[in-house]
Amino acid sequence: MRHPEHGAIYRQAGRARWRSRTTDLRVTDASIRYAVDPMSTGPSVYLETFGCQMNELDSELVRGHLRSLGYRFTEDFTTADVVLYNTCSVREQAENKAYSRLGLVGLRKKAGEQVILGVLGCMAERDGADMLRRFPQVDLLCGPGELDRLPALIDNVRRTEGAAREERIALAGNKSRRSTTLAAADDHLELLDLSRAFDPVEPGSDRRSAYVRITRGCNKFCTYCVVPNTRGAEVHRPPDSIIDECKRLVDAGVIEITLLGQTVNHYRYTHGLAVDTDGREQPQVGPGLAAFRAPIAAGDRVTTFARLLERIHNEVPDLKRLRFVTSYPRDFGDDILDVMAACPRICRYIHAPAQSGSNRILKAMNRGYTREEYLEFIARVTDRLPDCTIAGDIIVGFPTETDAEFEETVSLVRAVPFKNNFIFKYSPRPGTVAIDRFEDDVPTEIKKLRNNLLLDIQSEVSRKAHSAWVGRTVDVLIEEIRSERGQAQPESTGSSLSLDLAHPDSRKIELRWNRRQGGQRVGTQAVGRTAGDLITAIDLPESLANDHQSLVGSIVAVEITESAPLLLRARMLSSNSKTALAASESR
Ligand code: SAM
Ligand code: SF4
């Protein structure tokens, strides 16, 4: 039997096997679009993603790629032909979750089921080939920089019973740190980015937000962090490729784009340095930190992050919202703030992790800035963009952190109008400088205590930051409709909410206003985000009862009526509810 898209499928020894042309796949042109066959009867794939937005984007690209080759996606890992985990190594907890999933698939295999198990992403890169020895049920490993090779790996495993180890592994290893511009041009993942499918491939997808990668990898080497090891050297994509991707996403119906990079403000592309034989610009390795201290020389053909933002804003006029994460608190120039002030569709939202408020700990973390510099940066932000919302990350219990140093973090959190902070307990990670240099000497109980204390303090700070919006009119991009009869609703107040909120790695909203907040009955709500990324629950008027779902994906103007630490409540402005419906109907 032949499949029209992906070659021969044949039956052997009682199980479906297939062969595809995946090994021949070469993507050489940004204009290539994978065809998607929604009626595919190809092998079924279960893909679960752990960790950051980069992983979410990687999974989206993998999904598009596999779908174009005839694979179907399923939500049920117990029946899938191929089970893939796109993993995260940032904290031990995330790794443990993935290991336990490997155990579950192992049970399927023990029961005699034919299933391919693949580990993708940072854990594959960090554990390396040794993972195949420790978890013999794992069939293939694919690092985050090699995902374009995944279909070929799956093919190899399916085609050859017990394929050779090297045919089941695609990892960058130390070659990802060869720091020449041309090595970056060879970067595999660029092919996957360029070949992104722009069709709304998810059945029933209402998705109007998308991620666009501008920089891969990281050169900062914070002592606690695995990312520079697992994702490799910092590589910046050519501005024209980024803008082209934004345009095509907007043409496909996207209205909000989030630019992704580990330190987005360090985006810098020098034109003319890396071109292919056809004169097309290629990704290039990022400059060292020193480059950001010196002014750009006259005559240098450089696209800075500020210029990139401005170009996307001006050259993609139908894009309603442009965001970016994660900002590095150092080298965030006034030029970026000026562009944010001048371009109304660039969201005034900055996620800039402080990590600690103690200079000694910041130094031990190799963060490259002091507490004073962080506060000076925040002062510049709030001075130039008074309505800009600020979010961050903090690590508590970094080795040798004393009570007094933790108190400095507390005072930093109190001093900044953070809308939220993601608070993590230090987790020693193999391969990092910190694990070699420091004993993990802050006891677990103390880490927990500091974590909970800081959550409570952040809750107060968040409450204040949110309450400043009451009475204002803002635009909200609606992401979800929640009715009173839905599943159990979490409380909308209290510090425990911070635990429910995912890191910006996830767009998932887990909040709604309480059913009987203030003794008042709450019916159906639309839940979405303001430009400043504030989660907002909008009480929907009965008159829209039949059209609730069509609101998802539209931007509506609302008046903020109440606030809680992590949530705003709003009422729809009657003037725009009709406009919103009309807009969503005309999509
Ligand atoms: N590039 C971003 C930056 O530097 O701000 C952060 C990326 S990291 C994947 C996300 C967050 O995980 C960090 O901001 C940090 O707070 C936390 N993190 C990273 N390594 C950690 C570790 N070993 N233990 C605890 N938290 C960690
Ligand atoms: Fe990790 Fe630091 Fe790079 Fe962020 S900047 S990814 S914390 S090394």
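The legends below describe three close-up views of a predicted model.

**View 1. Surroundings of ligand 2.** Ligand 2 sits in the largest cavity. The residues around ligand 2 include a run of cysteines and their neighbours, namely Cys218, Lys220, Phe221, Cys222, Tyr224, Cys225, Val227 and Pro228. Gln262, Thr263 and Arg367 are also among the residues around the ligand. By class, the shell around ligand 2 holds seven nonpolar, two polar and two charged residues.

**View 2. Crossing of helices H9 and H10.** Helix H9 spans residues 239-251 and helix H10 spans residues 305-315. Their axes come within 10 Å and cross at roughly 35°. The crossing of H9 past H10 is right-handed. On the H9 side, the contact is made by Pro239, Asp240, Ile242, Ile243, Cys246 and Lys247. On the H10 side, Leu308, Arg311, Ile312 and Glu315 take part. Six of the residues in the contact of H9 with H10 are nonpolar and four are charged, with no polar residue.

**View 3. Backbone of the loop between strand E17 and helix H11.** This loop, between E17 (321-325) and H11 (334-342), contains threonine 326. The peptide bond that joins valine 325 to threonine 326 is cis, with omega near 0°. Aspartate 331 lies in the loop between E17 and H11 as well. Although aspartate 331 is not a glycine, its phi is positive, at about 60°. For comparison, most peptide bonds are trans, and most residues other than glycine have a negative phi.

Terms used:
Residues are numbered from 1 along each chain as its sequence is written. Chains are lettered from A and ligands numbered from 1 in the order in which they are written. This is a predicted model: local features need pLDDT of at least 70, side-chain atom pairs count only at pLDDT 80 or more; totals for chains, interfaces and linings use all residues. Side-chain values use heavy atoms; hydrogens and water are left out. A residue is near a molecule or strand if one of its heavy atoms lies within 4 Å of it. On a 1 Å grid over the protein atoms alone, a cavity is a set of points where a 1.4 Å probe fits but cannot get out, and a pocket is an open set with protein on both sides within 12 Å along at least five of seven lines; lining residues have an atom within 4 Å of a point. A molecule sits in a cavity or pocket if more than half of its atoms lie within 2 Å of its grid points. Ala, Val, Leu, Ile, Met, Phe, Trp, Tyr, Cys and Pro count as nonpolar, Asp, Glu, Lys and Arg as charged, and the others, Gly among them, as polar. Axes are lines fitted to C-alpha atoms, for helices over the stretch in contact, and angles run from 0 to 180 degrees between N-to-C directions. Helices (H or I, at least four residues) and strands (E, at least two) are DSSP runs, numbered from the N terminus. A crossing is left-handed if the near helix is turned anticlockwise from the far one by less than a right angle, and right-handed if clockwise. Contact means heavy atoms within 4.5 Å.
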